[in-house]
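Me: I should like to work through this protein by question and answer. Please show the sequence and the structure before we begin.

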Amino acid sequence: MDVAHRLADIRQRIEAAGRRSGRRADPVRLVVVSKFRTVNEIREAAGAGVTDIGENRLQEAESKHRLLAGQDLVWHLVGRLQANKAKRAVGIFDWIHSVTSVELALRLNRLAEEQDKRQRVLVQVELVPEQTKVGFPADELFDGLERMGHLPHLLVQGLMLLPPYLPDPDEARPYFRKLRELLESARSRGVVDEGFTELSMGMSHDFEVAVEEGATMVRIGTAIFGERPASQPSLVEGAK
Ligand SMILES: *Cc1c(COP(=O)(O)O)cnc(C)c1O
């Protein structure tokens, strides 16, 4: 199958999962994760109707952003953001999915102000602290959201989750559900505003379960482009 056919298949499966959940009226946003993929592969995806591109490394994303300047794409940072690269991230990304502390939010707010922008962000939540320590601890989340909500140059739009890898996607369901419950309680407690609606969760092997549990954005790479190469190919030529 080529990229266009895989995309069509994935869109159908997202829709079917949405129907099963019975919850979703709005379409789920498909963020196509193109890390390690060439600019031509991204063009091919865009030609098949893809609008949202996800990258996890700043330098690679900057090169692609430059090479694809003519394309009307929405850029998402889905990987970890180091404080010293925050300025460049604000420079190219429409969405930053990986805010993991109030300090990082404060910094992004200041940089967005300098760049005369309102930066859309999601807060990445850590539900299994002993495993990875790369997200906002769930027990400090509401307090953190309240503080971030006051930052005038950030649009804090929801939560993001990178669950532990579990071979059976159904085992990830409790994590997805937990993230939705956190979003719902943040809303009902009034620690966030009306615009706080997004749940970025679900990847190639578990996106259907994530959508069933209320994902509004899924981040999918391998299921569209195939297995990633072991190392970064040239962005322009690339081994196909
Ligand atoms: C790579 C990556 C994805 C996509 O993973 P696939 O398994 O290729 O679909 C999604 N989210 C994040 C944060 C990633 O780093």
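**Helix H7 and the whole fold**

Reply: In this predicted model, the buried residues of H7 are covered by elements that include strand S5 (119–126), helix H6 (141–148), strand S7 (154–161), strand S8 (198–200) and helix H8 (207–212).

Me: Which residues of H7 are buried?
Reply: A residue counts as buried when its relative accessible area is under 20%. In H7 this condition is met by Arg173, Phe176, Leu179, Arg180, Leu182, Leu183 and Ala186.

Me: How far apart are the end C-alpha atoms of helix H7?
Reply: Helix H7 covers residues 173–189, which makes 17 residues. At 1.5 Å a residue, the helix should span 24 Å. The expected span agrees with the distance between its end C-alpha atoms, which is 24 Å.

Me: Which residue follows H7, and what is its phi?
Reply: The helix is followed by a glycine, Gly190. The phi of Gly190 is positive, with a value near 75°.

Me: Why is the protein said to be as compact as a globular protein of its length?
Reply: The protein is built from nine helices and nine strands. For 240 residues the globule rule gives 18 Å, and the protein is as compact as a globular protein of that length because its radius of gyration is close to this, at 17 Å.

Me: How far apart do the centres of the positive and negative side chains lie?
Reply: The protein has 34 positive side chains and 36 negative ones. The centres of these two sets are separated by 3 Å.

Methods: Residues are numbered from 1 along each chain as its sequence is written. This is a predicted model: local features need pLDDT of at least 70, side-chain atom pairs count only at pLDDT 80 or more; totals for chains, interfaces and linings use all residues. Side-chain values use heavy atoms; hydrogens and water are left out. Helices (H or I, at least four residues) and strands (E, at least two) are DSSP runs, numbered from the N terminus. The radius of gyration is taken over C-alpha atoms; the globule rule is 2.2 Å times the number of residues to the power 0.38. Lys and Arg count as positive and Asp and Glu as negative; His and the chain ends are not counted. The place of a charge is taken as NZ of Lys, CZ of Arg, CG of Asp or CD of Glu. The expected span of a helix is 1.5 Å times one less than its number of residues. Buried means under 20% relative accessible area, exposed over 50%, partly exposed in between (1.4 Å probe, protein chains only). Contact means heavy atoms within 4.5 Å.
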